[in-house]
Amino acid sequence: MTLRPILLHPDPRLKTRAAFVETIDDDVRRLGEDMLETMYAAPGIGLAAPQVGVLSRVLVMDCVKEEGAAPRPMVLVNPAIEWASDELNTYEEGCLSIPEQFADVDRPAEVEVSWTALDGSAQRERFSGLWATCVQHEIDHLDGKLFIDYLKPLRRQMITRRMQKLKREKARA
Ligand SMILES: [Zn+2]
């Protein structure tokens, strides 16, 4: 497994709709494994393929937070939201592509998601709590959408300016 560099906002690849995965081959399996390793190393609870520069509909997540609990590494290929609750939940979200910036985002509290697993099997599960927020945040990435797109323009512009500055500093270092 290999750690892959995580793209930082602003980057046109983070604003691009990712392509449907037609076949789960070795490249897709390797991508899923690399993304999990990259996510755990960051550390983060979710990562979408466009964040490592691959414009395919693949995301990984593990929202197990309890101390000592077994991890639950998940790889979702072609995930789709089949149902969303009317009830909303507010979480302070962050993003590995927008480090150290956090903001409250309202999203459906529960969602039912279908996807294909790396073994090719069809999966369907209802997520709630942090898992529901995370899977929606990551599916947004596959559609070229970032959590800051839910914020008021001024707040979004402020965060984007901070990120541009951070990228300039990183480029110089
Ligand atoms: Zn993100």
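Me: Before anything else, where is Glu100 found?

Reply: Glu100 sits in strand 5, which covers residues 98–108. Keep in mind that we're looking at a predicted model.

Me: What is the sign of phi at Glu100, and about how big is the angle?

Reply: Phi at Glu100 is positive, about 65°, although the residue is not a glycine. There's another case to look at, Asn78, a residue other than glycine with a positive phi near 50°. Asn78 belongs to strand 3, residues 74–84.

Me: Are Glu100 and Asn78 buried or exposed?

Reply: Here you count C-beta neighbours, and a residue with 12 or fewer within 10 Å is called exposed, while 20 or more makes it buried. Glu100 has 9 such neighbours inside 10 Å, so it counts as exposed. Asn78 has 19, so it counts as partly exposed.

Me: While we're on backbone angles, which residues does a cis peptide bond join?

Reply: Check omega for this one. His9 and Pro10 are joined by a cis peptide bond, with omega about 0°. Ala42 and Pro43 are also linked by a cis peptide bond, with omega about -10°. As for location, Pro10 is in the segment before helix 1 (26–41), and Pro43 lies in the loop between helix 1 and strand 1 (46–48).

Me: Back to strand 5. How does strand 4 run relative to strand 5, and how many bridges join them?

Reply: Look at direction and bridges together. Strand 4 (residues 88–95) and strand 5 run antiparallel, joined by seven bridges. The two strands form a hairpin, with two residues between them. To find the register, start from Leu88, which stands opposite Pro108 in strand 5.

Me: Now helices. How far does helix 2 reach from its first C-alpha to its last?

Reply: The general idea is to compare the end-to-end reach with the span expected at 1.5 Å a residue. Helix 2 (residues 129–142) has 14 residues and reaches 21 Å, close to the expected 20 Å. After helix 2 comes Gly144, with a positive phi near 75°.

Me: Why is helix 2 described as largely enclosed?

Reply: A bit of background first: an α-helix has 3.6 residues a turn, so residues three or four places apart point the same way. In helix 2, 11 of the 14 residues are buried, so the helix is largely enclosed by the rest of the structure. Among those buried residues are Trp131, Ala132, Cys134, Val135, Gln136 and Ile139.

Me: Which residues of the largest nonpolar core touch the most other members?

Reply: The general point is that in soluble globular proteins, nonpolar side chains tend to be buried together. In this model the largest nonpolar core has 28 residues, and Met35, Ala49, Val58, Leu59, Val60, Met61 and Val135 touch the most other members. Helix 1, strand 1, strand 2 (58–61), strand 3, strand 6 (110–116) and helix 2 each supply at least two residues of this core. Helix 2 gives the most, with six residues. There's also a second, separate core of 10 residues, which includes Leu14, Ile98, Val105 and Leu146.

Me: What does Met61 touch beyond its sequence neighbours?

Reply: Leaving out residues up to four places away in sequence, Met61 touches Ile45, Gly46, Met74, Cys134, Val135 and Glu138.

Me: Which residue does the UniProt "active site" annotation cover?

Reply: That annotation, from an unreviewed entry, covers Glu138. Glu138 is in helix 2 and has 23 C-beta neighbours inside 10 Å, so it counts as buried. Outside four places in sequence, Glu138 touches Gly46, Ala48, Leu59 and Met61.

Me: And which residues does UniProt list for "binding site"?

Reply: The unreviewed entry lists Cys95, His137 and His141. They span 47 residues in sequence, yet no two of their C-alpha atoms are more than 10.2 Å apart, so they gather at one spot. Cys95 comes from strand 4, while His137 comes from helix 2.

Me: Are Cys95 and His137 buried or exposed?

Reply: Run the neighbour count again. Cys95 has 25 C-beta neighbours inside 10 Å, so it counts as buried. His137 has 24, so it counts as buried. Setting aside residues up to four places away in sequence, Cys95 touches Leu146 and Phe147, and His137 is in contact with Gly46, Glu93 and Phe147.

Note on methods: Residues are numbered from 1 along each chain as its sequence is written. This is a predicted model: local features need pLDDT of at least 70, side-chain atom pairs count only at pLDDT 80 or more; totals for chains, interfaces and linings use all residues. Helices (H or I, at least four residues) and strands (E, at least two) are DSSP runs, numbered from the N terminus. The expected span of a helix is 1.5 Å times one less than its number of residues. UniProt positions are given in the numbering used here, feature names are shortened, and annotations may be inferred rather than shown by experiment. Two residues are in contact if their C-beta atoms, placed from the backbone, lie within 7 Å. Two strands pair if DSSP finds at least two bridges between them. A nonpolar core is a set of buried Ala, Val, Leu, Ile, Met, Phe, Trp, Tyr and Cys residues joined through C-beta atoms within 7 Å.
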